[in-house]
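The following report is meant for someone meeting this structure for the first time. It goes from single residues to the chain as a whole.

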Amino acid sequence: MSINQGSEFKKGLHAGISIAIGYVPVALTFGLLAKTTGLSIGETVMMSMIVFAGASQYMSLSLIALGTGIVEIILTTFIVNIRHFLMAASLNEKVEFDRVINRIVYSFGITDETFSVAATQPGKLSTGYMFGLNLIAYASWVMGSGIGFAIGAGLPATLQQSMSIALYAMFIGLLVPSMKQGVKVIFLAALAACFNSVFTMTEWLSTGWAIVAATLLSAVLVELIEIMKKKGKVSGVE
C-alpha cells in the first residue's frame, strides 16, 4: 500500500468510527439472540462474517427458529439484500478505477450506513478509503456478535428463553422508522403480512416459502400500483 493509500485508509477508518459505534449494540443483541435460537458461537460469528447484513441475519434467526429450510432462508435473504446491487453500482461510478479483485473485496463490505457515508463524500473516493471505511464497520459487527453470544451464554436459561421476544421487538424497531417515511412502506408491510397469513393458514405453502412468496408478491404489486399511479398522473397532465 502506497503512502497516499495509507493516508486514505486512515481517513476511511476515521469516517467509519461512528458507524462502528452504532453497530455495537445491534451486534451484541444479534449475538445474544443467536445463542437463544440455538446457534453455536462458531455459527454466530461465521454468519456475521459471511452475511454481514443486520436485517437479514435477524430474519434468518426467526426463520431458523421456525425450522425453515435452507433454500427458503437463502432466497429470503437474497430478496432483502437485493438493494445492495444498486448501492454497489452507484458507488462504482464514484470510486476510482482499480483492479476487479479490490472492488469485489470492498463491495462486500457495503451496507446502508457505509454507503450513506461514502455517497455523501465530495469528489472521487479511493480504494484505500473504502477499505478503511468498510473494515472498521465489519470488524465492529463481527466482534460484537461474538461478544453478544458470550454474554448470552452467561445468562440464566430462563432469561435466555425469554429473550426470543426481543427478536420481534427488533423487527418492529427496524420497521417503525421506515413507516414514518411514507404510506408505501406501511402498505407493503401490511400486504406482505396478509399474503403470508393466507399462505400459512391455508397450508398452501410451508412457512419459509410463504414468507418468500409473500415478500415477492407484495413488492411486485406495490410497484405496479406505483407505476399505474405515475402513468395516471402523466395522462392527466397531457
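## A buried glutamine and its surroundings

Gln57 is buried, with a relative accessible area of 0%, where buried means under 20% relative accessible area, exposed over 50% and partly exposed in between, with a 1.4 Å probe and protein chains only. The model is a predicted one, in which local features need pLDDT of at least 70 and side-chain atom pairs count only at pLDDT 80 or more, while totals for chains, interfaces and linings use all residues. Residues are numbered from 1 along each chain as its sequence is written, and side-chain values use heavy atoms, with hydrogens and water left out.

Gln57 is found in helix H3, and helices here are DSSP runs of H or I with at least four residues, strands being runs of E with at least two, numbered from the N terminus. Leaving aside residues up to four places away in sequence, Gln57 touches Phe30, Met47, Ser48, Val51, Phe52 and Trp141, a contact meaning heavy atoms within 4.5 Å.

Two of these partners, Val51 and Phe52, belong to the loop between H2 and H3. Phe52 has a positive phi of about 50 degrees although it is not a glycine. Val51 joins Met46, Met49 and Ile50 in making a nonpolar surface patch of about 340 Å². Such patches are made of residues with over 30% relative accessible area and no salt bridge, with like charges joined within 9 Å and nonpolar side chains (Val, Leu, Ile, Met, Phe, Trp, Tyr) within 5 Å; a salt bridge is a side-chain nitrogen of Lys or Arg within 4 Å of a carboxyl oxygen of Asp or Glu.

The relative accessible areas of four residues are set out below.

| Residue | Place | Relative accessible area |
|---|---|---|
| Val51 | loop between H2 and H3 | 32%, partly exposed |
| Phe52 | loop between H2 and H3 | 4%, buried |
| Gln57 | helix H3 | 0%, buried |
| Gly146 | helix H8 | 13%, buried |

Gly146 touches Ile41 and Val45, not counting residues up to four places away in sequence. The C-alpha atoms of Gly146 and Gly31 are separated by 6.0 Å, although these residues are 115 apart along the chain.

The largest nonpolar core has 25 residues, of which Leu91, Met130 and Trp141 touch the most other members; a nonpolar core is a set of buried Ala, Val, Leu, Ile, Met, Phe, Trp, Tyr and Cys residues joined through side-chain atoms within 4.5 Å. At least two residues of this core come from each of H1, H3, H5, H7 and H8, and H1 gives the largest share, 6 residues. Leu91 touches Ile110, Phe115, Ala118, Ala119 and Met130, again not counting residues up to four places away in sequence.

In helix H4 (residues 70–80), Glu72, Ile73, Thr76, Thr77 and Ile79 are buried. Seen down the axis of H4, its buried residues fall within an arc of 160 degrees, so they line one face of the helix; the arc is that of the directions from the helix axis to the C-beta atoms. Ile70 and Ile74 are exposed on the other side of H4.

Taken whole, the chain comes to 12 helices and 0 strands. Of its 238 residues, 34% count as buried. Among contacts between residues at least 6 apart in sequence, 75% join residues at least 24 apart. The chain exposes about 13600 Å², with carbon and sulfur atoms supplying 72% of it; accessible areas come from the Shrake-Rupley method with a 1.4 Å probe, and for residues only the protein chains shown count as cover.
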